[in-house]
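Thanks for making time this morning; I would like to walk through one model with its ligand, going from the overall layout to the binding site and then to some backbone details. Please have the view in front of you as I talk.

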Amino acid sequence: MSLDPFVRSLDAMLEEARALLSSATSAEDLEALRVRFTGAKSGALKTIQKGLAEVSPEDRPAAGKRFNEVRESLQALMDEASQRIGGGGRSKATRSRIDPTLPGQRPRIGVVHPITQTIEHLKEIMGRLGFTVAEGPEIEDEWHNFVALNIPEDHPARDPLDNFYLATAKSASPSRDAMETNLGSNDGTIGGPRLLRSQTSTVQIRVMENEPLPMRIISLGRVYRPDAPDATHFPMFHQMEGLWVDEHVTMAQLKSVLKLFATSYLGGDVKVRFRPSFFPFTEPSVEVDYWWNDQWIEFGGAGMVDPNVFRAVNIDSERWSGFAFGLGVERLCMRRFGITDIRDLYRSDVRFLRQFAT
Ligand code: PHE
């Protein structure tokens with residue numbers, strides 16, 4: 001191609017653009033013309049630029065120079081039109097579509113999960129009764145989950161099928177010293193097998209090992225048992241553990257603490273019933289039932305701390321006594337909110353969870 005046809009196509013395009021731009025009246029018109037003439041993919045300018053390669057080499061410098069001039073003129077024409085129409089080009093086009101008189105869009109704000117709400121509520125009530133919050137790890141050793149709690153090696157609660165043991169190397173029957181040296185590491189090779197704690201009673205041991213007496217603590221957290229999920233079972237759930245150790249703690253105090261707690265949490269005058277039971281770490285042991293909405297409902301276990309447990313943590317059981325209790329948090333939560341299937345709590349379905357916004 002020689003120089004002439006190339007320059008002619010440039011000039012023709014510029015004239016066409018000039019005419020169209022001068023009659024453009026809206027930002028939308030302007031945007032359409034911008035795409036048509038200077039669009040990066042198939043704008044007219046781009047198409048002509050491709051022709052530059054076909055111009056004979058000796059004419060190419062002149063062709064390139066003319067091309068640049070036309071491009072600048074085109075840009076100037078568009079700027080001019082944009083000024084006349086109201087400036088801003090594309091962003092203005094979008095902005096002009098915003099109607100400030102329309103109602104706003106409500107931002108989607110999350111709600112606190114009912115279990116978290118329950119936990120906060122329980123902490124608050126027990127705090128008023130003088131209990132401070134203690135914490136412990138969810139990955140435990142057998143010392144804290146069983147041995148120190150007076151649960152012997154052959155006890156059914158230690159069956160591997162009833163616990164989530166971690167896949168770590170096994171060592172011989174763990175002693176306290178061996179395990180203590182390995183706390184904090186989790187390879188299980190020195191301190192014995194590790195498992196997800198099956199009860200918050202582990203925290204009793206940790207606190208009694210480390211804190212001075214007397215003590216009044218609660219521990220709230222997750223526990224794990226390989227139960228098949230149904231309306232009342234889930235492989236992970238929460239417990240609230242309570243422990244009070246002092247010089248003259250009695251079963252009567254246990255009962256009044258649990259009654260005060262239930263009255264505050266469930267509302268009204270809730271009756272508390274103890275049924276004889278057995279736990280390796282308490283003696284005597286009881287099941288705790290609350291009379292609520294015309295029926296007895298089981299909420300957990302309790303009892304006086306067994307002397308063997310005190311011995312494991314070097315507390316003199318002649319001088320000190322204590323009670324411990326463990327309540328199911330889901331049960332308390334479900335009763336209060338009228339939730340009938342525990343699985344609903346853990347499906348992460350916000351349509352369900354949103355109902356419990358506070
Ligand atoms: N740890 C017991 C359980 O998980 C509950 C319990 C706690 C019982 C403290 C007595 C004292 O069933």
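Let me start with the layout: the protein chain is divided into domain 1, residues 3–95, and domain 2, residues 114–356. Please keep in mind throughout that this is a predicted model, and that in it the C-alpha centres of domain 1 and domain 2 lie 76 Å apart.

Now to the ligand, which sits in the largest pocket. The elements that each give two or more residues to the shell around the ligand are the helix α9, spanning 201–210, and the strands β5 at 236–246, β8 at 295–305 and β9 at 321–328. Which of these elements gives the most to the shell? That is β9, with 3 residues.

In total, 14 residues surround the ligand, and the closest are Gln199, Ser201, Arg225, Gln239 and Gly326. Sorted by class, this shell has 7 polar residues, 5 nonpolar residues and 2 charged residues.

For those of you thinking about polar contacts, three side chains deserve a look. Serine 201 places a polar side-chain atom 3.0 Å from a nitrogen atom of the ligand, while for arginine 225 the partner is an oxygen atom of the ligand, with a polar side-chain atom 2.9 Å away from that oxygen. Glutamine 239 likewise has a polar side-chain atom 2.9 Å from an oxygen atom of the ligand. How much of the ligand's exposed area does the protein bury? Taken alone, the ligand exposes 320 Å², and the protein buries 90% of that.

Let me turn to the backbone, where some residues are worth checking before anyone prepares the model for further calculation. The peptide bond from leucine 213 to proline 214 is cis, with omega near -5°, and proline 214 has its place in the loop between α9 and β4, the latter covering 215–224. A cis peptide bond is also found from glutamate 283 to proline 284, with omega near -5°, although here the proline, Pro284, lies within a strand, namely β7, residues 282–292.

Finally, asparagine 150 has phi near 65°, which is a positive value in a residue other than glycine. Where does asparagine 150 lie? Its position is in the loop between α7, residues 142–145, and α8, residues 176–181.

That is what I wanted to show, and I am happy to go back to any of these views.

How values were computed
Residues are numbered from 1 along each chain as its sequence is written. This is a predicted model: local features need pLDDT of at least 70, side-chain atom pairs count only at pLDDT 80 or more; totals for chains, interfaces and linings use all residues. Side-chain values use heavy atoms; hydrogens and water are left out. A residue is near a molecule or strand if one of its heavy atoms lies within 4 Å of it. A polar contact is a pair of N or O atoms within 3.5 Å; within protein, one must be able to donate a hydrogen and the other to accept it, and residues adjacent in sequence count only if both atoms are side-chain atoms. Accessible areas come from the Shrake-Rupley method with a 1.4 Å probe; for residues, only the protein chains shown count as cover. On a 1 Å grid over the protein atoms alone, a cavity is a set of points where a 1.4 Å probe fits but cannot get out, and a pocket is an open set with protein on both sides within 12 Å along at least five of seven lines; lining residues have an atom within 4 Å of a point. A molecule sits in a cavity or pocket if more than half of its atoms lie within 2 Å of its grid points. Helices (H or I, at least four residues) and strands (E, at least two) are DSSP runs, numbered from the N terminus. Ala, Val, Leu, Ile, Met, Phe, Trp, Tyr, Cys and Pro count as nonpolar, Asp, Glu, Lys and Arg as charged, and the others, Gly among them, as polar. Domain bounds come from an automatic or database domain assignment.
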